[in-house]
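The following exercises concern a single protein chain and are each followed by a worked solution. Please inspect the sequence and the model before reading on.

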Amino acid sequence: MKHMLIAQSGGPSAAINATVAGVVERCMISDKVDRIYGAINGIKGVINGHYIDLTDILASPEQLDLLCHTPSAALGSCRLKLNNADESQLKEIVDALLARDIGYFVYIGGNDSMDTVDKLSAYISKHNIKDLYVMGAPKTIDNDLPETDHCPGFGSAAKYIAATFTELVKDCEVYDIPAVTIVEIMGRNAGWLTAASALSRENGGSGPQLIYLCERAFDTERFIEDVKSCLSHKNAVVVAVSEGVKNTDGSYLSESKGRGVDVFGHAALSGTAKVLESLVKEKIGCKVRSIELNLMQRCAAHLASANDLSESKMLGMTAADRAINGVSGQMAVVLRKHNDPYRVAYSTADISLVANYEKKVPEEWINEAGNDVTEEMMEYLRPLVRGEVYPATQAGIPIHLNLYTEGK
């Protein structure tokens, strides 16, 4: 029998650990898997041989359930870009896996993580390496991976955003003077999360009044006119904006902040709301503030979507099942079968169709004015935030599972 290895990469979420639980649960009932290991800090841990044995740690249903309700990445994460031109790094990874008798490897992550799966599986195939199967499991609150209807972590992040806006709008509406509140939401090139702010209107909520996604070029003059129009009939105007909105020339609105780039060469974004705050102050002169939701969008497990956690676990089981049965170079996906009642199925897609591609909000799901979303978007979003979770608590505070403590 061979061993299973699990690793996590990229930005954490409230649901990524449920995917680990799904992989473990599937391996527990397999006669092809001996031990289940976790690599600490993603592919870096694979290279460095920094593993922990999860077989006994997660042997009980209680521990698996606690893991499902633990936010962030319980195995740690990394942002390591593999060298396209040099196979030595891929050889190092494969040698490390084979040296530990790893036969199955499930890598959980987003766009860049799926690129790692693509490169690694291609190397294994090219060099005809036997008995080593690599599968991807999706994870990204940005919801921008193609081939899957939606991504684990997105539903919970969307629920947090919608709930936060319902409360924020109530706070903003208590005063009788004109005021604008601009809320910046994660999303570099895809505006799915920002669109989720519209769900705050579902139970009679009034805002946000304006929603700007990064799929549409952002016109600052049009923005000011939109805000003025809203202020003409309402004192409290709340605006939702993607951090990655771009000017008409394709540059990020926040690039003027000069934050540099990350390890993948992506522009380091944030500060979009602050730029717009200054603009409103200059052009309109009313009271204005900016808010950046920041990391709470991805780690608010207390507001996780039950549907999200359930699907995340099933995608982990799917990825593990395919690997155990000799499938490699694919990513587990969720396929929507029906909206009402909501039904999905689980399958896999070739990793080459996923790696280095982005799924953006369809143009027809953004209104003509470019400052709101359509009913089609709302129909897509509604099932993803449904279902309540009740994390274990002690003395009124959530209890989370720590798989390792070294370096923390």
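## Exercise 1: The enclosed space

The largest cavity has a lining made of Cys172, Tyr175, Ile177, Ala179, Thr181, Ala236, Lys287 and Arg289. The model is predicted: local features need pLDDT of at least 70, side-chain atom pairs count only at pLDDT 80 or more, and totals for chains, interfaces and linings use all residues. Residues are numbered from 1 along each chain as its sequence is written, and side-chain values use heavy atoms, with hydrogens and water left out.

Task. Describe the volume of the largest cavity, the classes of its lining residues and the elements that supply at least two of them each.

Solution.
1. On a 1 Å grid over the protein atoms alone, a cavity is a set of points where a 1.4 Å probe fits but cannot get out, and lining residues have an atom within 4 Å of a point. Grid points are joined across faces, edges and corners, and a volume is the space filled by probe spheres set on the points.
2. One cavity of 30 Å³ or more is counted under this rule. The largest cavity holds about 70 Å³.
3. Five nonpolar, one polar and two charged residues form its lining. Here Ala, Val, Leu, Ile, Met, Phe, Trp, Tyr, Cys and Pro count as nonpolar, Asp, Glu, Lys and Arg as charged, and the others, Gly among them, as polar.
4. At least two lining residues come from each of β6 and β9 (287-292). Such strands (E, at least two residues) and helices (H or I, at least four) are DSSP runs, numbered from the N terminus.

## Exercise 2: Tyr175 at the surface

Task. Locate Tyr175 in the chain and state whether it is buried or exposed.

Solution.
1. Tyr175 belongs to the loop that links α7 (154-172) to β6 (179-185).
2. With a relative accessible area of 52%, Tyr175 is exposed; the cut-offs are under 20% for buried, over 50% for exposed and in between for partly exposed (1.4 Å probe, protein chains only).
3. Tyr175 is also one of the residues lining the largest cavity.

## Exercise 3: An open pocket

Task. Characterise the second largest pocket by volume and lining.

Solution.
1. A pocket is an open set of grid points with protein on both sides within 12 Å along at least five of seven lines.
2. The volume of the second largest pocket is about 360 Å³.
3. Its lining numbers 21 residues, and Thr166, Leu199, Ser200, Glu202 and Asn203 are those nearest the centre.
4. Six of the lining residues are nonpolar, eight polar and seven charged.

## Exercise 4: Backbone exceptions

Task. Which peptide bonds lead into Pro208 and Pro341, and what is the sign of phi at Asn41 and Asp131?

Solution.
1. Most residues other than glycine have a negative phi, and most peptide bonds are trans.
2. Gly207 and Pro208 are joined by a cis peptide bond with omega about 5 degrees. Pro208 lies in the loop between α8 (192-195) and β7 (210-212).
3. From Asp340 to Pro341 the bond is likewise cis, omega being near 5 degrees. Pro341 sits in the loop between β10 (330-339) and β11 (342-350).
4. Asn41 has a positive phi of about 65 degrees. This residue is in the loop between β2 (33-39) and α2 (42-48) and is partly exposed, at 29% relative accessible area.
5. Asp131 has a positive phi near 60 degrees. Its loop runs between α6 (111-126) and β5 (133-138), and Asp131 is partly exposed, at 43%.
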